[in-house]
Amino acid sequence: MTPRVREILSWYGADNIGSLTNLARLLNHGRLGGTGKLVILPVDQGFEHGPARSFAPNPPAYDPRYHFELAIAAGCNAYAAPLGFLEAGAREFAAEIPLILKANDADVLRDDPDPDQALTASVDDALRLGCCAVGLTIYPGSAHQISMFERLRAYAEEAKARGLAVVVWSYPRGSSLSKAGETAVDVIGYAVQIAAQLGAHIIKVKLPSDHIEQDAARKVYEAQAIPIATAAERVRHIVQCAFAGRRIVIFSGGAKIDDDEALLDEIRAIHAGGGFGSIIGRNSFQRPRDEALKMLGAVMDIHAGRAPARAGV
């Protein structure tokens, strides 16, 4: 147990030994083990976006086992997926990598301006599959946000009582937000705070832009001269919104980026801003395996401080 991991665990003093042990499993596994940084492979896109959109660019990825093998070979801290994908490989790859059960999901068969998520797996499923954590999505800004907050609180209570860690995908979305507002720096900061207040151990958000959505927030950002001009400054502010950095915040890789340096510049900004790491799905599994391993290795080197900063980042 490194001093950094001990420090992070000390932030979660209300949790039982089981949850702390499982959080430590995540932090101590893989190439970044012990550094306090995380790189997680998430593969919920088959449910969320459809199989062809997700896996046709790299057909081996239709096979659930491919993702276990990729996460293990890359040295990821964990692999996160819905119930079906984990059931298809958990026995074959038992104990080789920490697992996160994505316990709620949505699809894109309906164009809903105020999306919701259905519970698609139970805490008992997570325990049966040997998972160390459960993951749930909330959509701050949706007309359904109140019920999502209530479901998350109840689910997190049960998961923690059973010794699991809780990961929250906090994605602002809904008819009350503009498209730019979904990644606005004030809205992402608010989404992080909400997830932390609802008991998340680890919070996943998208990288924020310098757009400010709420007029009331804009007045404060301007009056207090909050630095948000660069991506690194915005990451630093988002981490500050998570209880002054006392909750783990990791950043989504988003849709596949064809420019590798542009993707790595985002990772450099996360590292420079004090982010805790990345959760990278499509930018991993939509590449051929060798390219994915190379990319994930580069991402981990940046988060570990082993790669030189690029000028201007």
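These are my notebook entries on what I looked up in this structure.

**Entry 1: the model.** I kept in mind that this is a predicted model.

**Entry 2: the barrel.** I began with the strands. Eight of them close into a barrel, and going round I read the order β1-β2-β3-β6-β7-β8-β9-β10. The pairing in this barrel is parallel. From one strand to the next, the twist averages 25 degrees. I reminded myself that strands of a sheet pair through backbone hydrogen bonds, and that the pairing can be parallel or antiparallel.

Then I zoomed in on one pair. How many bridges join β8 to β9? I found four, between β8 (residues 202–205) and β9 (residues 248–252), and the two strands run parallel. I also looked up K204, and its bridge partner in β9 is I250.

**Entry 3: helix α1.** Next I went to α1, which covers residues 3–10. Which residues of this helix are buried? They are V5, I8 and L9. Looking down the axis of α1, I saw that its buried residues fall within an arc of 100 degrees, so they line one face of the helix. P3 and R6 are exposed, and they sit on the face of α1 turned away from the buried side. What do the buried residues of α1 pack against? They pack against α2 (17–28) and β9, and that is the β9 I had just seen joined to β8.

**Entry 4: cysteines.** I searched the whole structure for disulfides and got zero. Why does C76 not have one? Its sulfur is 13 Å from the closest cysteine sulfur, which belongs to C132, and that is too far for a bond because a disulfide needs the two sulfur atoms within 2.5 Å. For C132, the closest cysteine sulfur is in C131, at 7.2 Å, which is also too far. I checked burial too: C76 is buried at 1% relative accessibility, and C132 is buried at 0%.

**Entry 5: positive phi.** Finally I looked up two residues other than glycine that have a positive phi. A95 has phi near 70 degrees, and F243 has phi near 60 degrees. Where is A95? It is in the loop between α6 (83–87) and β3 (99–102). F243 is in the loop between α11 (231–241) and β9, so I had come back to β9 once more. Is A95 buried or exposed? A95 is exposed, with a relative accessible area of 82%, while F243 counts as partly exposed at 28%.

Key:
Residues numbered from 1 in each chain as written. Predicted model: local features only at pLDDT ≥ 70, side-chain atom pairs only at ≥ 80, totals over all residues. Heavy atoms only, no water. Buried < 20%, exposed > 50% of the residue type's maximum accessible area, 1.4 Å probe, protein only. Pairing = 2+ DSSP bridges. Axes fitted to C-alpha atoms, helices over the stretch in contact; angles between N-to-C directions. Arc of directions from axis to C-beta. Contact = heavy atoms within 4.5 Å.
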